[in-house]
Amino acid sequence: MSHAQWKLARERKIAEGYVESPEVEAARTEIRLAFDLGQAVHDRRAQLGISQAELAERAHMTQPQISKLELGGTVPTLPLLARLAKALDASLNIALDGDTSTVAFTPHAA
């Protein structure tokens, strides 16, 4: 089953009244947060025009760690988030509000 087929199957189940367990909902929320963070890191790195390897060097990480983070495959610690923000010359802003969340790296003012 492809990703698109899986998504359609899930939406069909929800439309039919299927309700996910609280554990599944919590896991889905954690995964979404990891993907949002990864996208924010990728977007800011692209704005700066730097490679994963260069970001890794700046943040005292390895390139594979940056790749995994950008793909949403890891949940970083607060100290790591602080290092990433500094390496991306940005401030980290995280907003959590019920079912919605936003993660953004805001560039420092010049």
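Q52 sits in helix 3, where helices (H or I, at least four residues) and strands (E, at least two) are DSSP runs numbered from the N terminus. This is a predicted model, so local features need pLDDT of at least 70 and side-chain atom pairs count only at pLDDT 80 or more, while totals for chains, interfaces and linings use all residues. Residues are numbered from 1 along each chain as its sequence is written, and side-chain values use heavy atoms, with hydrogens and water left out.

Q52 counts as buried because its relative accessibility is 18%; buried means under 20% relative accessible area, exposed over 50% and partly exposed in between (1.4 Å probe, protein chains only). Setting aside residues up to four places away in sequence, Q52 touches R45, Q63, I66, S67 and E70, a contact being heavy atoms within 4.5 Å. The side chains of Q52 and E70 also share a polar contact of 3.0 Å.

E70 turns up again beside V41: leaving out neighbours within four places in sequence, V41 is in contact with L55, L69, E70, L84, L88 and F105. V41 is one of the buried residues of helix 2, along with A34, L37, G38, A40, R44 and R45. Right after helix 2, G49 takes a positive phi of about 70°.

The largest nonpolar core (buried Ala, Val, Leu, Ile, Met, Phe, Trp, Tyr and Cys residues joined through side-chain atoms within 4.5 Å) has 19 residues, of which L37, V41, L55, M61, L84 and F105 touch the most other members. Helix 2, helix 3 (52-58), helix 4 (63-70), helix 5 (78-87) and strand 2 (100-107) each supply at least two residues of this core, and helix 5 gives the most, with 5 residues.

Methods:
A polar contact is a pair of N or O atoms within 3.5 Å; within protein, one must be able to donate a hydrogen and the other to accept it, and residues adjacent in sequence count only if both atoms are side-chain atoms.
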